[in-house]
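Here are some worked exercises for you to try with the viewer open. Have a go at each task before you read its solution.

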Amino acid sequence: MSTRSNAADFLHILRERGFLHQCSDPAADLSGLADAAPGGVLTAYVGFDATAGSLHVGHLLSIMALRWLQKTGNRPIVLIGGGTTKIGDPSFRDTSRPMLDDDRISLNAAGLRRVFGQYLAFGEGATAARMVDNADWLDGLDYVPFLRDIGRHFTINRMLSFESVKQRMEREQPLTFLEFNYMILQAYDFLELARRHGCLLQMGGSDQWGNIINGVELARRVERRELFGLTTPLLTTASGVKMGKTAGGAVWLNADARSPFDFWQFWRNTEDADVGRFLRLFTELPLDEIGRLERLQGAEINEAKIVLATAATRLCHGAGEAERAAASAGSPFAPSGDGLPRLVLRRDAYPAGVPLVEALVTAGLCDSRGAARRLIREGGARLDGETVTDETLVVATDGVLSAGRKRHVRLALEP
């Protein structure tokens, strides 16, 4: 039985599974953060602005970190940015975010809440997840008192030193005064959550490091309160593509934005070199089983990809949807000798051949017909290694369909 505190257990899991990128705790073993948790139970939060009606795979590292926080007996807080969404985080963006009205923000926030119901257990218990909205305190702020009490702790010199701001300035792209306030409000969020809920730790992606440290320093200056920040790494695939980006756009987590089957297919098409890492980050499989799966070679690596796809889909959409997605993939797909997934379609269903756009979608290479047409227009679709530019092409013989250079499906037309 572990003798570590709940907080230490959580931090240990983050380390061994690859979640940890930076932490403000100066202790190499993060003992300062673990020891600061009252009774060994850590309260931590991640913030999510309501800029869309669903989160996407790029948010999953933070969501999984919150899930592990709760599974180790600690308390997660999900902060919905009903207030900060009205401004928009400028971090590492070339342009300002579109301005959303209150109705759209509320609608988007409702979509975000559905995601978290799959990953976290909400309630009133000591380790039950809490969901709060920063509009509760930001919307009622008096501007002049806020500037006097909070704004005086921020210097323009320091704010200009953050990489996200410097990049915008170096490209001579405008950074509005409205956006410049975002980092102050995010810092204030951390202080408010510490006051209201005893929150000790803010987590986020590596692009949030500057914003998170602002909150840590604000709490120290205003109340001499010790808070901590932790970031997860920026994930790219083995081929250098930002995690979650596909030819068809973002990989959304809500079923009404991307079907469970298409979500399953996204993971099934993981590059071989990424399988072990993604199993550690996006599933709860034991590390020894992950070690076995990532040692598989050749066509056998497809077993690991199916395990990854089913486990990740189970967490996001539930066991039933994961099983149906795997079964649906199993009906048209069969093993092929070269290790490629094989899509089998009946000739009598397509007497004149299969429209390429439909084949790309059915094969899971695109998540919609519009995405398939866009892939073809952009030169990313290939048939037997040859680039296809005709959106009306009909495939009448067996062949290999490709989306980009890494994703391939062998198409077989059988009686």
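**Exercise 1: aromatic pairs**

The structure holds eight aromatic pairs, where rings of Phe, Tyr and Trp (its six-membered ring) pair if their centres lie within 6.5 Å, with planes under 30 degrees apart counting as stacked, over 60 as edge-to-face and the rest as tilted. Before you start: this is a predicted model, local features need pLDDT of at least 70, side-chain atom pairs count only at pLDDT 80 or more, and totals for chains, interfaces and linings use all residues. Residues are numbered from 1 along each chain as its sequence is written, and side-chain values use heavy atoms, with hydrogens and water left out.

Task: work out the geometry of the pair formed by Phe266 and Trp267, then follow Trp267 to Phe278.

Solution.
- Step 1. A pair of aromatic rings is described by the distance of the centres and the angle of the planes.
- Step 2. For Phe266 and Trp267 those values are 5.0 Å centre to centre and 75° between the planes, which makes the pair edge-to-face.
- Step 3. Trp267 and Phe278 have ring centres 6.1 Å apart and planes at 90°, so this pair is edge-to-face.
- Step 4. Trp267 sits in helix 12 and Phe278 in helix 13 (residues 275-282), so the pair ties together parts that are eleven residues apart in sequence. Helices here (H or I, at least four residues) and strands (E, at least two) are DSSP runs, numbered from the N terminus.
- Step 5. Zoom out: Phe263, Phe266, Trp267, Phe278 and Phe282 form one aromatic cluster.

**Exercise 2: helix 12 and the core**

Task: find out how enclosed helix 12 (residues 260-268) is, and which residues touch the most other members of the largest nonpolar core.

Solution.
- Step 1. Take buried as under 20% relative accessible area, exposed as over 50% and partly exposed as in between (1.4 Å probe, protein chains only).
- Step 2. Eight of the nine residues of helix 12 are buried, so the rest of the structure largely encloses it. Among them are Pro260, Asp262 and Arg268.
- Step 3. Check two values: Phe266 has a relative accessible area of 14%, and Trp267 has 0%.
- Step 4. A nonpolar core is a set of buried Ala, Val, Leu, Ile, Met, Phe, Trp, Tyr and Cys residues joined through side-chain atoms within 4.5 Å. In the largest one, with 97 residues, Trp267 and Phe282 touch the most other members. Helix 10 (residues 182-197) supplies the largest share of this core, ten residues.
- Step 5. A second, separate core has 24 residues, including Leu343 and Val388.

**Exercise 3: strand 6**

Task: say which strands pair with strand 6 (residues 228-232), and in which sense.

Solution.
- Step 1. Two strands pair if DSSP finds at least two bridges between them.
- Step 2. Strand 1 (residues 22-23) pairs with strand 6 in the antiparallel sense over two bridges; Gln22 has Thr231 as its bridge partner.
- Step 3. Strand 5 (residues 201-205) pairs with strand 6 in the parallel sense over five bridges, and Gly205 has Thr232 as its bridge partner.
- Step 4. Now the faces: Phe228, Leu230 and Thr232 point one way, Gly229 and Thr231 the other, and all are buried.
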